[in-house]
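This report describes the surroundings of a ligand and the architecture of a sheet. The structure is shown first.

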Amino acid sequence: MIPFRDTYRDIPLYSPARKPCRVDLSDNTNLFGAPPSADRVLREEGLQHLARYPASYAPELKRAVAAYAGVAVENVTTGCGSDDVIDCALRAFLEPGDVVAFPDPTFVMVPLFARLSALRPVPVPLKEDLSLDVDGLLATGAKLIYVCTPNNPTGTVAARAALERLVDRAPGVVLIDQAYVEFSRGGDFMDLARTRPNVLVTRTMSKAFGLAGLRVGWAVGAPALVAEVEKARGPYKHTALGEAVAVSALAEDVAWMEACAAEAVENRERLRGGLKVLGLEPLPSEANFLLVPVPEARRVGEAMRERNVNVRVFEGLAGVGDALRIGCGPWPLMATALK
Ligand code: PMP
């Protein structure tokens, strides 16, 4: 078992709209905490990173990502969280008024970013079995199609054959968001980013790597694609401290990250079993969360909050209905969701 510091014990969650909760299972972060090398970097190098600017386009971070992902530096771009990389990619490849297509339900920030850039978000419902509607996505004619796999909030993964067909036929860029790939079995599509000219795969340090507060994300793709994203991105997107900690985590904490992910996955299946005993039907998940269809999810979520457990509430999700999304990590935290 990975030791974890129960930071929730002393620190009330900052939550302006809601009562603070002792246990927060709502945002799919690494509930075991931050990676071990972060402690050392903060203590030994922390202050030296404060007074001066970082290098403008994060060369050290790019080198660390390239080494980790097995690609050249020219294949890598980075941003202030993968949120930022996605936002920049939308602006890099689309003009105001253009369509961005994505399966529904998926990551809620995509339509938000689309609207902020005056793009037209076009949701394409997942099929009844929650697989991708490839023809529906292609029929939009979108020059950028976003696919999240494992998908937030369903936790389901895209089939390789479907994704490859989408990539082969898409008229423009296919952005594959793999924020949760570390928790999946065989769901890694980095090879498409390495070999196809129109695929950008985004990844993050916020989930399995335990560094959500630092806001570091990255993407891999063909050099020509990456160069376009960099133009839309602009310089100085990282703090020097964020860059230093992310570099050390990619170099030194991969084994720790994998152990956390393995335990989160084990506990996810344990929770799934427990919820089934309660008569619920969580969706099969390859991420560090479970989506649990629940009638009147808002009311149930509020009742859990009263008991100091915060989970994410969804109402009227396409093809699913009301549901709770429960983050997975150390069992002592997760067990609170079953009480
Ligand atoms: N993609 C997905 C699917 C996510 O769930 C999240 C975080 N909620 C992100 C991207 C963004 O993560 P970050 O900006 O912290 O890298």
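In this predicted model, helix H3 (residues 81–93) supplies the largest share of the shell around the ligand, namely 3 residues. The residues around the ligand number 13, and those that come nearest are Gly81, Ser82, Asp83, Thr204 and Ser206. By character, the shell divides into 4 nonpolar, 7 polar and 2 charged residues.

An unreviewed UniProt entry lists residues 23–329 under "domain: Aminotransferase class I/classII large". Over residues 23–329, the chain is 40% helix and 19% strand, and the end C-alpha atoms are 11 Å apart.

The model contains an open sheet of 7 strands with mixed pairing, in the order E2-E8-E7-E6-E5-E3-E4. Strand E2 (76–79) and strand E4 (120–125) stand at the edges; each has a single partner strand, so one side of each is left without a neighbour in the sheet. From one strand to the next, the twist averages 25 degrees.

At the E4 edge, strand E3 (residues 99–104) runs parallel to E4 and is joined to it by 6 bridges. Within this pairing, Val100 has Pro121 in E4 as its bridge partner.

Two helices are placed against these strands, as tabulated below.

| Helix | Strands concerned | Angle |
|---|---|---|
| H2 (residues 59–69) | lies across E2 and E8 (217–220) | about 125 degrees to E2 |
| H4 (residues 109–116) | touches E3, E4 and E5 (144–148) | about 155 degrees with E4 |

Helix H2 thus lies across the edge strand E2 together with E8, whereas helix H4 packs on the sheet where E3, E4 and E5 are touched.

Methods. Residues are numbered from 1 along each chain as its sequence is written. This is a predicted model: local features need pLDDT of at least 70, side-chain atom pairs count only at pLDDT 80 or more; totals for chains, interfaces and linings use all residues. A residue is near a molecule or strand if its C-beta atom, placed from the backbone, lies within 6 Å of it. Helices (H or I, at least four residues) and strands (E, at least two) are DSSP runs, numbered from the N terminus. Ala, Val, Leu, Ile, Met, Phe, Trp, Tyr, Cys and Pro count as nonpolar, Asp, Glu, Lys and Arg as charged, and the others, Gly among them, as polar. UniProt positions are given in the numbering used here, feature names are shortened, and annotations may be inferred rather than shown by experiment. Two strands pair if DSSP finds at least two bridges between them. Axes are lines fitted to C-alpha atoms, for helices over the stretch in contact, and angles run from 0 to 180 degrees between N-to-C directions. Two residues are in contact if their C-beta atoms, placed from the backbone, lie within 7 Å.
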